[in-house]
Protein chains: 2
Amino acid sequence: MEPRVDFISLGVRNVAESRALYVDGLGWPVHREVAGEVLFIQVNHGLVLSLWDARQMQAEAGTSQPAGVPCITLSHNVKSPQDVDRVLEEAAAAGAAIIAEPVTQPWGGYTGYFADPDGFRWEVAYNPGWAVDDAGTVTV
Amino acid sequence: MEPRVDFISLGVRNVAESRALYVDGLGWPVHREVAGEVLFIQVNHGLVLSLWDARQMQAEAGTSQPAGVPCITLSHNVKSPQDVDRVLEEAAAAGAAIIAEPVTQPWGGYTGYFADPDGFRWEVAYNPGWAVDDAGTVTV
(Lines give C-alpha, C1' and ligand atoms only; values in the text may rest on other atoms or scores of the structure.)
Protein backbone atom coordinates (compact mmCIF):
# COMPACT_ATOMS: atom_id res chain seq x y z
CA MET A 1 0.00 0.00 0.00
CA GLU A 2 1.47 3.34 -1.03
CA PRO A 3 1.52 6.12 1.57
CA ARG A 4 -1.15 8.28 0.00
CA VAL A 5 -4.34 10.01 1.19
CA ASP A 6 -6.69 11.05 -1.63
CA PHE A 7 -9.83 12.03 0.28
CA ILE A 8 -10.50 13.30 3.78
CA SER A 9 -14.16 12.65 4.59
CA LEU A 10 -15.76 14.29 7.60
CA GLY A 11 -19.15 12.99 8.72
CA VAL A 12 -21.32 16.03 9.43
CA ARG A 13 -24.73 16.42 11.03
CA ASN A 14 -25.97 18.94 8.47
CA VAL A 15 -24.26 19.51 5.14
CA ALA A 16 -25.99 22.89 4.73
CA GLU A 17 -24.39 24.15 7.94
CA SER A 18 -20.97 22.97 6.77
CA ARG A 19 -21.58 24.69 3.45
CA ALA A 20 -22.40 27.93 5.23
CA LEU A 21 -18.97 27.95 6.85
CA TYR A 22 -16.68 26.52 4.18
CA VAL A 23 -18.30 27.79 0.99
CA ASP A 24 -20.33 30.88 1.90
CA GLY A 25 -18.09 31.96 4.78
CA LEU A 26 -14.55 31.07 3.74
CA GLY A 27 -15.27 31.26 0.03
CA TRP A 28 -13.87 27.84 -0.84
CA PRO A 29 -14.93 26.65 -4.30
CA VAL A 30 -17.29 23.71 -4.58
CA HIS A 31 -15.78 20.91 -6.60
CA ARG A 32 -18.95 18.86 -6.75
CA GLU A 33 -22.08 18.71 -4.66
CA VAL A 34 -25.23 16.71 -4.06
CA ALA A 35 -27.36 19.15 -2.09
CA GLY A 36 -27.88 18.06 1.50
CA GLU A 37 -25.88 14.88 1.00
CA VAL A 38 -22.25 15.57 0.22
CA LEU A 39 -19.97 18.45 -0.74
CA PHE A 40 -16.49 18.08 -2.27
CA ILE A 41 -13.80 20.77 -2.01
CA GLN A 42 -10.28 20.34 -3.41
CA VAL A 43 -7.83 21.14 -0.60
CA ASN A 44 -4.40 20.37 -2.03
CA HIS A 45 -2.69 18.77 -5.02
CA GLY A 46 -4.71 15.61 -5.64
CA LEU A 47 -6.60 15.96 -2.35
CA VAL A 48 -10.35 16.35 -1.77
CA LEU A 49 -12.18 17.28 1.42
CA SER A 50 -15.58 15.60 1.55
CA LEU A 51 -18.23 16.98 3.90
CA TRP A 52 -20.68 14.15 3.99
CA ASP A 53 -23.92 13.52 5.83
CA ALA A 54 -22.76 11.32 8.71
CA ARG A 55 -25.65 8.85 8.42
CA GLN A 56 -25.06 8.27 4.71
CA MET A 57 -21.34 7.98 5.32
CA GLN A 58 -21.90 5.29 7.94
CA ALA A 59 -24.35 3.46 5.70
CA GLU A 60 -21.89 3.34 2.80
CA ALA A 61 -19.08 2.13 5.01
CA GLY A 62 -21.35 -0.72 6.05
CA THR A 63 -20.17 -0.25 9.61
CA SER A 64 -21.42 1.87 12.44
CA GLN A 65 -19.00 4.11 14.26
CA PRO A 66 -17.98 2.69 17.63
CA ALA A 67 -18.62 5.11 20.47
CA GLY A 68 -15.83 7.63 20.81
CA VAL A 69 -14.35 6.94 17.40
CA PRO A 70 -14.29 9.93 15.07
CA CYS A 71 -16.66 10.05 12.13
CA ILE A 72 -13.89 10.52 9.64
CA THR A 73 -12.44 8.45 6.84
CA LEU A 74 -9.09 8.79 5.09
CA SER A 75 -9.34 7.30 1.62
CA HIS A 76 -6.68 5.63 -0.45
CA ASN A 77 -7.64 5.20 -4.09
CA VAL A 78 -6.37 2.39 -6.28
CA LYS A 79 -6.67 1.53 -9.96
CA SER A 80 -8.85 -1.57 -9.96
CA PRO A 81 -11.17 -3.66 -7.80
CA GLN A 82 -8.40 -6.27 -7.64
CA ASP A 83 -6.12 -3.65 -6.10
CA VAL A 84 -8.73 -3.00 -3.40
CA ASP A 85 -8.67 -6.68 -2.45
CA ARG A 86 -4.87 -6.79 -2.53
CA VAL A 87 -4.38 -3.64 -0.42
CA LEU A 88 -6.90 -4.81 2.18
CA GLU A 89 -4.99 -8.08 2.41
CA GLU A 90 -1.77 -6.12 2.91
CA ALA A 91 -3.41 -4.03 5.63
CA ALA A 92 -4.71 -7.12 7.40
CA ALA A 93 -1.27 -8.72 7.18
CA ALA A 94 0.17 -5.51 8.65
CA GLY A 95 -2.10 -5.85 11.68
CA ALA A 96 -5.03 -3.62 10.73
CA ALA A 97 -8.59 -4.67 11.52
CA ILE A 98 -10.75 -5.15 8.42
CA ILE A 99 -13.97 -3.43 9.47
CA ALA A 100 -15.88 -3.69 6.18
CA GLU A 101 -15.21 -6.28 3.52
CA PRO A 102 -15.09 -4.75 0.04
CA VAL A 103 -18.37 -4.35 -1.80
CA THR A 104 -19.56 -2.72 -5.02
CA GLN A 105 -21.15 0.61 -4.20
CA PRO A 106 -24.30 2.01 -5.88
CA TRP A 107 -22.17 4.78 -7.46
CA GLY A 108 -20.05 2.23 -9.30
CA GLY A 109 -17.04 1.99 -7.06
CA TYR A 110 -15.66 -0.92 -5.07
CA THR A 111 -14.58 -0.13 -1.53
CA GLY A 112 -13.54 -1.74 1.72
CA TYR A 113 -12.40 -0.38 5.07
CA PHE A 114 -9.79 -1.08 7.68
CA ALA A 115 -9.13 0.55 11.03
CA ASP A 116 -5.85 1.50 12.66
CA PRO A 117 -5.08 0.77 16.34
CA ASP A 118 -7.13 3.80 17.48
CA GLY A 119 -10.08 2.99 15.25
CA PHE A 120 -9.24 5.64 12.65
CA ARG A 121 -10.89 4.43 9.51
CA TRP A 122 -9.21 4.00 6.11
CA GLU A 123 -11.18 3.35 2.95
CA VAL A 124 -9.48 1.52 0.12
CA ALA A 125 -11.38 2.50 -2.98
CA TYR A 126 -11.61 1.85 -6.67
CA ASN A 127 -13.53 4.83 -8.07
CA PRO A 128 -13.88 4.63 -11.86
CA GLY A 129 -14.73 8.35 -12.06
CA TRP A 130 -11.69 9.63 -10.16
CA ALA A 131 -8.59 11.08 -11.79
CA VAL A 132 -5.78 13.47 -10.91
CA ASP A 133 -3.94 15.32 -13.66
CA ASP A 134 -0.28 16.40 -13.62
CA ALA A 135 -1.17 19.75 -12.07
CA GLY A 136 -2.88 17.92 -9.19
CA THR A 137 -6.41 18.84 -10.25
CA VAL A 138 -8.88 16.17 -9.24
CA THR A 139 -11.82 14.96 -11.29
CA VAL A 140 -14.51 13.07 -9.39
CA MET B 1 -8.26 31.58 3.80
CA GLU B 2 -7.12 29.37 0.94
CA PRO B 3 -8.70 25.91 0.60
CA ARG B 4 -5.65 23.91 1.60
CA VAL B 5 -4.89 21.11 4.08
CA ASP B 6 -1.17 20.67 4.85
CA PHE B 7 -1.25 18.26 7.79
CA ILE B 8 -3.69 15.62 8.98
CA SER B 9 -3.00 14.95 12.66
CA LEU B 10 -4.53 11.94 14.36
CA GLY B 11 -4.41 11.80 18.14
CA VAL B 12 -3.31 8.28 19.08
CA ARG B 13 -3.13 6.46 22.40
CA ASN B 14 0.23 4.89 21.72
CA VAL B 15 2.54 6.09 18.97
CA ALA B 16 4.50 2.82 19.05
CA GLU B 17 1.34 0.88 18.18
CA SER B 18 0.61 3.24 15.31
CA ARG B 19 4.20 2.85 14.15
CA ALA B 20 3.83 -0.93 14.17
CA LEU B 21 0.99 -0.68 11.67
CA TYR B 22 1.97 2.18 9.40
CA VAL B 23 5.75 1.86 9.33
CA ASP B 24 6.60 -1.75 10.20
CA GLY B 25 3.41 -3.22 8.74
CA LEU B 26 2.60 -1.14 5.67
CA GLY B 27 6.19 -0.07 5.08
CA TRP B 28 5.45 3.65 4.89
CA PRO B 29 8.63 5.77 5.18
CA VAL B 30 9.11 7.88 8.29
CA HIS B 31 9.51 11.52 7.41
CA ARG B 32 10.46 12.60 10.91
CA GLU B 33 9.94 11.12 14.34
CA VAL B 34 10.24 11.88 18.03
CA ALA B 35 10.05 8.41 19.55
CA GLY B 36 6.87 7.85 21.53
CA GLU B 37 5.64 11.38 20.86
CA VAL B 38 4.97 11.99 17.20
CA LEU B 39 5.57 10.38 13.83
CA PHE B 40 5.33 12.18 10.46
CA ILE B 41 4.64 10.38 7.17
CA GLN B 42 4.25 12.19 3.84
CA VAL B 43 0.97 11.03 2.28
CA ASN B 44 0.58 13.15 -0.85
CA HIS B 45 2.03 16.17 -2.67
CA GLY B 46 2.64 18.67 0.14
CA LEU B 47 0.67 16.62 2.65
CA VAL B 48 1.86 15.09 5.94
CA LEU B 49 0.09 12.58 8.17
CA SER B 50 1.00 13.15 11.80
CA LEU B 51 0.43 10.35 14.31
CA TRP B 52 0.66 12.21 17.57
CA ASP B 53 0.28 11.22 21.19
CA ALA B 54 -3.27 12.36 21.93
CA ARG B 55 -2.43 13.93 25.29
CA GLN B 56 0.39 16.02 23.84
CA MET B 57 -1.78 16.98 20.92
CA GLN B 58 -4.51 18.23 23.27
CA ALA B 59 -1.97 20.08 25.37
CA GLU B 60 -0.53 21.93 22.40
CA ALA B 61 -3.96 22.88 21.11
CA GLY B 62 -4.64 24.42 24.50
CA THR B 63 -8.10 22.96 24.39
CA SER B 64 -9.49 19.66 25.55
CA GLN B 65 -11.51 17.60 23.15
CA PRO B 66 -15.24 17.78 23.85
CA ALA B 67 -16.81 14.38 24.33
CA GLY B 68 -17.69 12.74 21.05
CA VAL B 69 -15.50 15.04 18.98
CA PRO B 70 -12.74 13.30 17.07
CA CYS B 71 -9.15 13.73 18.18
CA ILE B 72 -8.05 14.96 14.80
CA THR B 73 -6.76 18.24 13.47
CA LEU B 74 -6.58 19.47 9.89
CA SER B 75 -3.83 22.07 9.60
CA HIS B 76 -3.59 25.03 7.28
CA ASN B 77 -0.12 26.58 7.14
CA VAL B 78 0.52 30.23 6.44
CA LYS B 79 3.63 32.33 5.89
CA SER B 80 3.77 34.52 8.99
CA PRO B 81 2.35 34.95 12.50
CA GLN B 82 0.37 37.91 11.16
CA ASP B 83 -1.27 35.59 8.63
CA VAL B 84 -2.34 33.30 11.47
CA ASP B 85 -4.15 36.20 13.14
CA ARG B 86 -5.70 37.30 9.85
CA VAL B 87 -6.94 33.83 8.86
CA LEU B 88 -8.42 33.23 12.32
CA GLU B 89 -10.28 36.53 11.99
CA GLU B 90 -11.56 35.41 8.59
CA ALA B 91 -12.70 32.09 10.06
CA ALA B 92 -14.48 33.82 12.94
CA ALA B 93 -16.16 36.21 10.49
CA ALA B 94 -17.22 33.18 8.46
CA GLY B 95 -18.98 31.73 11.51
CA ALA B 96 -16.35 29.36 12.89
CA ALA B 97 -15.80 29.08 16.64
CA ILE B 98 -12.31 30.14 17.75
CA ILE B 99 -11.40 27.39 20.22
CA ALA B 100 -7.81 28.40 20.94
CA GLU B 101 -6.43 31.89 20.51
CA PRO B 102 -3.07 31.90 18.75
CA VAL B 103 0.02 31.42 20.89
CA THR B 104 3.72 30.91 20.27
CA GLN B 105 4.55 27.22 20.63
CA PRO B 106 7.69 25.82 22.30
CA TRP B 107 8.88 24.53 18.89
CA GLY B 108 8.92 28.05 17.48
CA GLY B 109 5.64 28.16 15.64
CA TYR B 110 2.58 30.32 16.19
CA THR B 111 -0.75 28.53 16.04
CA GLY B 112 -4.43 28.99 16.75
CA TYR B 113 -7.48 26.78 16.29
CA PHE B 114 -11.03 27.06 15.11
CA ALA B 115 -13.83 24.51 14.95
CA ASP B 116 -16.38 23.88 12.26
CA PRO B 117 -20.09 23.29 13.00
CA ASP B 118 -19.45 19.66 13.97
CA GLY B 119 -16.46 20.47 16.16
CA PHE B 120 -13.89 19.32 13.60
CA ARG B 121 -10.76 21.20 14.50
CA TRP B 122 -8.63 23.31 12.16
CA GLU B 123 -5.22 24.59 13.13
CA VAL B 124 -3.93 27.74 11.47
CA ALA B 125 -0.17 27.58 11.79
CA TYR B 126 2.95 29.51 11.09
CA ASN B 127 5.75 26.93 11.17
CA PRO B 128 9.14 28.47 10.37
CA GLY B 129 10.62 25.04 9.59
CA TRP B 130 8.00 23.94 7.08
CA ALA B 131 8.47 24.07 3.31
CA VAL B 132 7.10 22.32 0.21
CA ASP B 133 9.19 22.21 -2.97
CA ASP B 134 7.87 22.16 -6.54
CA ALA B 135 7.74 18.38 -6.56
CA GLY B 136 5.53 18.46 -3.47
CA THR B 137 8.16 17.15 -1.09
CA VAL B 138 7.66 18.50 2.40
CA THR B 139 10.38 19.61 4.79
CA VAL B 140 9.40 19.86 8.45
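A residue is called buried if 20 or more other C-beta atoms lie within 10 Å of its own, exposed if 12 or fewer do, and partly exposed in between, with C-beta atoms placed from the backbone. The model is predicted, and local features need pLDDT of at least 70, side-chain atom pairs count only at pLDDT 80 or more, while totals for chains, interfaces and linings use all residues. Residues are numbered from 1 along each chain as its sequence is written, and chains are lettered from A and ligands numbered from 1 in the order in which they are written.

**View 1. The two sides of helix α3 of chain B.** Helices (H or I, at least four residues) and strands (E, at least two) are DSSP runs, numbered from the N terminus. α3(B) covers residues 81-93. Its 13 residues reach 19 Å from the first C-alpha to the last, close to the 18 Å expected at 1.5 Å a residue (1.5 Å times one less than the number of residues). B:Val84, B:Val87, B:Leu88 and B:Ala91 are the buried residues of α3(B). They lie on the same side of α3(B) because they cover an arc of only 100° around the axis (the arc of the directions from the helix axis to the C-beta atoms). An α-helix has 3.6 residues a turn, so residues three or four places apart point the same way. B:Gln82, B:Glu89 and B:Ala93 are exposed on the other side of α3(B).

**View 2. What covers α3(B), and what follows it.** The cover over the buried residues of α3(B) includes β5 (72-78), β6 (97-104), β7 (110-115) and β8 (121-126) of chain B. Contact here is C-beta atoms, placed from the backbone, within 7 Å. After α3(B) comes B:Gly95, with a positive phi near 110°.

**View 3. Strand β3 of chain A and its partners.** In β3(A), residues 38-44, 5 of the 7 residues are buried, so the strand is largely enclosed by the rest of the structure. Strands pair if DSSP finds at least two bridges between them. β2(A), residues 32-34, runs antiparallel to β3(A) and is joined to it by 3 bridges; A:Arg32 stands opposite A:Phe40. β4(A), residues 47-53, pairs with β3(A) in the antiparallel sense over 6 bridges, and A:Ile41 has A:Leu49 as its bridge partner.

**View 4. Two hairpins with glycines of positive phi.** Between β2(A) and β3(A) there are 3 residues, and A:Gly36 in this hairpin has a positive phi near 80°. The hairpin of β3(A) and β4(A) has 2 residues between the strands, and A:Gly46 in the turn has a positive phi of about 75°.

Technical notes:
Two residues are in contact if their C-beta atoms, placed from the backbone, lie within 7 Å.
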